[in-house]
Amino acid sequence: MSAPVALLIGQPEAAPFVSRCHDAMAVIGDTGAVRDPLPRRFLDAMADFRSRREGVIGANRRALRIEPFGRGPVLVGADGSEAPAAVADVGGRLFVFGEDDAAVAEDLVLSPATVWLLYPADTPPVAGGTLRVVAHGLLPARWPGWSLVQADLKDVTWLRAGEPGSARRVVGGRSRPTLLTGAPLAGLTHGAGRPVFAEPPVLRLPAGAAEWSVEVRDRDGGVWVRKRVRGQAEAVTETSAFWDAVPRPLIGEYSVRVGGGDGPGMVRSVALAETLAVERFPDVRLLRAEGLEPAEVVLHPGRGMTAVPAALTFGATCPRLPVDLVTRHRRERFVVEPPRMRVGTEDGVHEADAVRPPRLERAELARGGRLFIELPGAERLPSLEVVADGRVVQSVRPHRDGGYNLRRVLDTVTAHEETVLRLVHDGRSATVAWILDTASAQDPWLPRATGSVEG
């Protein structure tokens, strides 16, 4: 290992090299004395390198992980606190998340398994070999123009961001067992928000004539299945036959444990509601003046399963409801939350999880900031309309980061007594926010004497 590399990763082999650097700085310094152990740019580079190697971001050492069917990219602090991440919070053009949904450090070798890839939609990653997309994830409005896909690296030798000159990330090492799940049932969760799948996942074993131990346990640790599976000598083995020993249909949470095979094993939990189909109307609940659009959800369980109740009705202030799935062997509670529109402000004063449109004061518009809107399934966000006296008086397009600049509508709302922000999606009108008719706002960018306009 070279001395500079040892210095960057904090290894003791760097001590003689650091000592020589000190001597050199003492010779070339103005006073002949070393005022700082190392130049600040060295220290900053070392901190940045270590952060990237450990999968953390920023001076406060927040780790990045992914919720592919929930909040999207999430920053996790050292104290366990979590916050949704925006594009501005992270650096990079390609993020790779492993089976534990944590970001894989840029200098680590990628395992030839299924991973989540986050990248700009107009510059997809480049791979050596065949990169197969398994499923598509969901991203919030703070990630416009980005894509989230689950990809199989089994036949990939290297991977890099789509920008020319990007460094290659090596895919290699010994393959490990993988569970292939596909896309979950939209709007259905189990336990602490775990996505639910209607089909049992397929177990993929690495190539090689090795014998693997496969166990399936319930959430209480009870063993449903314990069997041996032998892999193929020249090709990967994909099987779901081990599920046959579990009472069907499968509902609730299961833990799949795979070991042996003279290689790394796997432990993964998955929530299932086998053969269940979910029908909902509308596809996405928009916000209206009184709250969320009313919605109906009908559950169609397969043979041997009963849903209690079989149909759910959601009122204006009801975002989610529980439902029990019952079989001959188990009864499990799930949560149904139809996809819905969310509106929040950049400063966090108005939470995106609220079920009613926020009420903004004109002073908030004067301070600036942005309004963020989430519309599940929308390829692009529509323009924001400013409505006064029953007519549209201004239209504002979203910024490329997905936010709407509130200050751009200040002059318009100041000139009218009552204004509403709205948008049109799928032919339906949605109330985005109310502008309260409070005292005239002082524009912080103008002299105080001319900073307000009578409404």
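**Loops, prolines and two aspartates**

Mentor: Let's start with Pro249, which sits in the loop between strand E16 (237-239) and strand E17 (251-260). Keep in mind that this is a predicted model.

Trainee: What makes the peptide bond from Arg248 to Pro249 stand out?

Mentor: That bond is cis, and its omega is near -5°.

Trainee: Where is Pro309 found?

Mentor: Look in the loop that links strand E23 (306-308) and strand E24 (311-314). The peptide bond leading into Pro309 from Val308 is cis, with omega near -5°.

Trainee: OK, on to Asp101. What is notable about the phi of Asp101?

Mentor: Asp101 isn't a glycine, yet its phi is positive, at about 65°. You'll find Asp101 in the loop between strand E5 (95-97) and strand E6 (114-120).

Trainee: Why is Asp101 called partly exposed?

Mentor: Check its relative accessible area, which is 25%. Buried needs under 20% and exposed needs over 50%. Asp101 has 25%, so it lands in between and counts as partly exposed.

Trainee: And which loop holds Asp426?

Mentor: The one running between strand E33 (419-425) and strand E34 (428-436). Asp426 also has a positive phi, near 55°, in a residue other than glycine.

Trainee: How do you know that Asp426 is exposed?

Mentor: Same routine! The relative accessible area of Asp426 is 62%. The cut-off for exposed is over 50%, and 62% passes it, so Asp426 is called exposed.

Key. Residues numbered from 1 in each chain as written. Predicted model: local features only at pLDDT ≥ 70, side-chain atom pairs only at ≥ 80, totals over all residues. Heavy atoms only, no water. Helix = DSSP H or I, 4+ residues; strand = E, 2+ residues; numbered from the N terminus. Buried < 20%, exposed > 50% of the residue type's maximum accessible area, 1.4 Å probe, protein only.
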